[in-house]
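Please take a moment with the sequence and the structure shown below before reading on. The briefing is meant for someone who has not met this structure before.

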Amino acid sequence: MAAAAELSLLEKSLGLSKGNKYSAQGERQTPVLQTNNGPSLTGLTTIAAHLVKQANKEYLLGSTAEEKAIVQQWLEYRVTQIDGHSSKNDIHTLLKDLNSYLEDKVYLTGYNFTLADILLYYGLHRFIVSIIVTGFFSVVFRMIFKTLS
């Protein structure tokens, strides 16, 4: 999912009226938001945090100093580890590591839903869909092959 689409979904889930226009810059297509009141904002997590504050839902950025740091950690993880990875081995390792991390947690910060959960979901969605679709078709092909044999 392109960053602009993710940011539009985030706006909607935060209850913000659509009105922001996003563009992309550079080879990595880094999202850019031109604000009405000043300079443009650049980067997925910067813009997402801005939208959260605009919606007066700052609790999504963390409640305590530790939780805020964990949210920032996972937002950085999203941009540095998930974006740009497309090999099956990379994704398999990422999902395995994430599964281990979440073993004793409900959300990434523990028990509170945050922006990190939202953006990790958006970032991993395409990989999960790909895994499900690939698995589904391999089962269907096996069933057809057995039927034809």
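What follows is a short overview, and then a set of points grouped by topic.

The model described here is a predicted one. The protein has 149 residues, of which 32% count as buried, and its secondary structure comes to 5 helices and 3 strands.

**Overall layout**

- Read from the N terminus on, the elements of the protein follow the order α-β-β-β-α-α-α-α.
- Among the contacts in the protein with a separation of 6 or more, 56% are made by residues that lie 24 or more positions apart.
- The accessible surface of the protein amounts to about 9700 Å², and carbon and sulfur atoms hold 56% of that surface.

**The hairpin of β1 and β2**

- Strand β1, which covers residues 22–25, and strand β2, which covers residues 30–33, run antiparallel and are joined by 4 bridges.
- Across this pairing, Gln 25 stands opposite Thr 30, a residue of β2.
- The hairpin has 4 residues between its strands, and in it Gly 26 takes a positive phi near 80°.
- As a general point, the side chains of a regular strand alternate between the two faces of the sheet.

**Aromatic pairs**

- The structure holds 4 aromatic pairs, one of which is formed by Trp 74 and Tyr 101, whose ring centres lie 4.8 Å apart.
- The planes of these two rings, Trp 74 and Tyr 101, stand at 55°, and the pair therefore counts as tilted, since that class takes in the angles that are neither under 30 degrees nor over 60.
- This pair links distant parts of the chain, because Trp 74 belongs to helix α3 (residues 65–82) and Tyr 101 to helix α4 (residues 88–101), with their positions 27 residues apart in the numbering.
- Trp 74 is buried, at 7% relative accessibility, whereas Tyr 101 is partly exposed, with a relative accessible area of 24%.
- Tyr 77 also takes part, as ring pairs link Trp 74, Tyr 77 and Tyr 101 into a cluster.

**Around Lys 105**

- The charged end of Lys 105 sits over the ring of Tyr 101, at 4.2 Å from the centre of that ring.
- The side chain of Lys 105 also meets that of Asp 104 in a salt bridge, with a distance of 2.9 Å from N to O.
- Of these two partners, Asp 104 is exposed, with a relative accessible area of 56%, while Lys 105 counts as partly exposed at 26% relative accessibility.

**Salt bridges around Arg 78**

- The structure holds 3 salt bridges, and one of them brings together the side chains of Arg 78 and Glu 6 at 2.9 Å, N to O.
- The pair of Arg 78 and Glu 6 links distant parts of the chain, with Arg 78 in helix α3, Glu 6 in helix α1 (residues 3–14), and the two residues 72 residues apart.
- Both partners lie under the 20% limit for a buried residue, because the relative accessible area is 3% for Arg 78 and 2% for Glu 6.
- Arg 78 forms a salt bridge with Asp 83 as well, in which the closest N and O atoms are 2.7 Å apart.
- Glu 6, Arg 78 and Asp 83 are thus linked in a network of salt bridges.

Technical notes: Residues numbered from 1 in each chain as written. Predicted model: local features only at pLDDT ≥ 70, side-chain atom pairs only at ≥ 80, totals over all residues. Heavy atoms only, no water. Phe/Tyr/Trp six-rings, centres within 6.5 Å; stacked < 30°, edge-to-face > 60°. Buried < 20%, exposed > 50% of the residue type's maximum accessible area, 1.4 Å probe, protein only. Lys NZ or Arg CZ within 6 Å of the ring centre and 35° of its normal. Salt bridge = Lys/Arg side-chain N within 4 Å of Asp/Glu carboxyl O. Pairing = 2+ DSSP bridges. Contact = heavy atoms within 4.5 Å. Areas by Shrake-Rupley, 256 points an atom, 1.4 Å probe, with all protein chains shown as cover.
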